[in-house]
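Please open the structure in your viewer and keep the selection panel at hand. The tour below goes from the whole chain to single residues.

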Amino acid sequence: MKQADLLLIGGGHAHLVAMREWLRKQQRPTGTIALIMPSPHGYYSGRLPAWLAGRAELDDCSVDIAALCQRLDIELVIGSVHGFDAAQRLISSDNGSWQGRVVSFDTGAALRTPEQIEADTDVLGVKPFDAFVAGIEHWRQQPEPIAVIGGGAAGVELALALAQTMPDITLISSGKILPEQLANLREKVCKALVHNGITLIEHAPINHLAADGAYVNQQKISNASCFILTTGAAAQPFYRNSGLALDDRGFVRIRSTLQSISHANVFAAGDCASLSGADKSGVYAVRQGSILAENLSHALSGKPLLEYSPQPNALALLADGKGGAFMSWRGYSAQGRWCGWWKNYLDNQYLRSMQA
């Protein structure tokens, strides 16, 4: 069993921002640090639609995590986590067992899947990104009809992006698309879907995927032969038997200090965490990162912890596949090329800030 003073589990936005802050301020936590994640690539989800639409290179969508780790003297361990013992702060992974004085999780969320997926069905989850990217590149060699399952922001962006380079795209939502957004924004998005030749099917909770199509119960509603799942957040299964306090969906319950409510030396941030007022969105994870940077250092040195307060409003910018974007902010919505410039500026600013 290997040991570290600080174990970082997952390479999500909050951990990357924390690492950036340690480097920027030259305030790396004392002791040994290891980062365990399933892939050496840190893809930034906000830029992936631009790659899908043919508007960006794949290298423009990623963070060089290995370089960040090297600059910060953090051991990068490539492997998947299979279990966690909160009482012992003991991680079980592909690369053996690790124990940390302090453990921090930023593993993101898993995808909810339909009840039945037949064995010969061509299905991609939008996560993990490595498998998603490889699958898309394979599909591009012999394009087939594609159905994007999930009517949230990710599903809308992916459908619009795919339509720029792939034929016959369908977007299927279990309810209305973008249910948490303004009605006038949904109207703008629906018009864009039609304009891009995308078939929209709403109020269709898919529970069966097969090589010949997508089904709601026994009724086929799409003849697509390839499927992309953007079906919302589910908890990673290894948390269930960890001993951590979880919410009713299996996410790690945390305090405003980003600590587990049940184990003071365990932290969680981003989509794997459950905190009132903090939606499962990269906007919130990024804001948590700077607080997490301070609190992980303070936890190791015995200093008082800072509190994170979720912002009451979050800017939403959804790429339209053509270089523009849809914007929603405090009851106001807009669409246009200028929204796309704004989104590109924010995305590029984030990626530049991550360059070690």
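A residue is called buried here when its relative accessible area is under 20%, and exposed when that area is over 50%. By that cut-off, 53% of the 356 residues of the protein count as buried. Keep in mind that this is a predicted model.

**The whole protein**

Start with everything selected and shown as a cartoon. The protein has eight helices and 25 strands. Its radius of gyration is 20 Å, close to the 21 Å that the globule rule gives for 356 residues, so the protein is as compact as a globular protein of that length. Measured out along the principal axes, the C-alpha trace spans about 55 × 45 × 35 Å. Among contacts with a separation of 6 or more, 64% are between residues 24 or more positions apart.

Now switch to a surface. The protein exposes about 16000 Å², and carbon and sulfur atoms supply 47% of that area. Colouring by charge brings up 30 positive and 32 negative side chains. The centres of these two sets lie 8 Å apart.

**The nonpolar cores**

Go back to the cartoon and select Leu7, Met19, Trp22, Phe84, Ile91 and Phe105. These residues touch the most other members of the largest nonpolar core, which has 57 residues. Add helix H1, residues 13-25, to the selection: with seven residues, H1 gives the most to this core.

What does Ile91 touch, leaving out residues up to four places away in sequence? Its partners are Leu7, Ile9, Ile36, Val81, Gly83, Phe84, Gly96, Ser97, Trp98 and Phe105. Apart from this core lies another, of 52 residues, with Tyr43, Val126, Leu162 and Phe326 among them.

Leu162 leads to the next selection, helix H5, which covers residues 153-162. This helix is mostly covered, with eight of its ten residues buried. The buried ones are Gly155, Val156, Glu157, Leu158, Ala159, Leu160, Ala161 and Leu162.

**From Ile33 to Asp73**

Select Ile33, in strand S2 (residues 33-37). Is Ile33 buried or exposed? With a relative accessible area of 3%, Ile33 is buried. Beyond residues up to four places away in sequence, Ile33 touches Leu6, Leu8, Arg28, Asp73, Ile74 and Glu75. Draw a distance from Ile33 to Glu75: the two are 42 residues apart along the chain, and their C-alpha atoms are separated by 6.4 Å.

Move on to Asp73, one of the residues that Ile33 touches. Asp73 sits in the loop between helix H3 (65-72) and strand S5 (75-78). At 58% relative accessibility, Asp73 counts as exposed. Its backbone is worth a look as well. Most residues other than glycine have a negative phi, and most peptide bonds are trans. Asp73 is not a glycine, yet its phi is positive, about 55 degrees.

**Two further backbone stops**

Select Asn217, in the loop between strand S16 (213-216) and strand S17 (219-222). Here too phi is positive, near 55 degrees, in a residue other than glycine.

Then select Lys127 and Pro128. A cis peptide bond joins the two, with omega about -5 degrees. Pro128 belongs to the loop between strand S11 (122-125) and helix H4 (129-141).

**Two buried loop residues**

Select Gly79, which lies in the loop between S5 and strand S6 (81-85). Although it is part of a loop, Gly79 is buried, with a relative accessible area of 6%. Apart from residues up to four places away in sequence, Gly79 touches Ile36, Met37, Pro38, Asp94 and Asn95. For a longer line, connect Gly79 to Ala34: these residues are 45 apart along the chain, and 12 Å separates their C-alpha atoms.

Next comes Ala56, in the loop between helix H2 (48-52) and strand S4 (62-63). Ala56 counts as buried, at 10% relative accessibility. With residues up to four places away in sequence left out, Ala56 touches Arg47, Ala50, Trp51 and Cys61.

**Last stop**

Finish at His195, in helix H6 (residues 183-195). His195 counts as exposed, at 65% relative accessibility. Arg47, a residue that Ala56 touches, serves as the other end of a final distance. His195 and Arg47 are 148 residues apart along the chain, and their C-alpha atoms are separated by 22 Å.

Notes
Residues numbered from 1 in each chain as written. Predicted model: local features only at pLDDT ≥ 70, side-chain atom pairs only at ≥ 80, totals over all residues. Heavy atoms only, no water. Helix = DSSP H or I, 4+ residues; strand = E, 2+ residues; numbered from the N terminus. Rg over C-alpha atoms; globule rule 2.2 N^0.38 Å. Buried < 20%, exposed > 50% of the residue type's maximum accessible area, 1.4 Å probe, protein only. Contact = heavy atoms within 4.5 Å. Areas by Shrake-Rupley, 256 points an atom, 1.4 Å probe, with all protein chains shown as cover. Lys, Arg positive; Asp, Glu negative; His and termini not counted. Charge placed at Lys NZ, Arg CZ, Asp CG, Glu CD. Core = buried A, V, L, I, M, F, W, Y, C linked by side-chain atoms within 4.5 Å.
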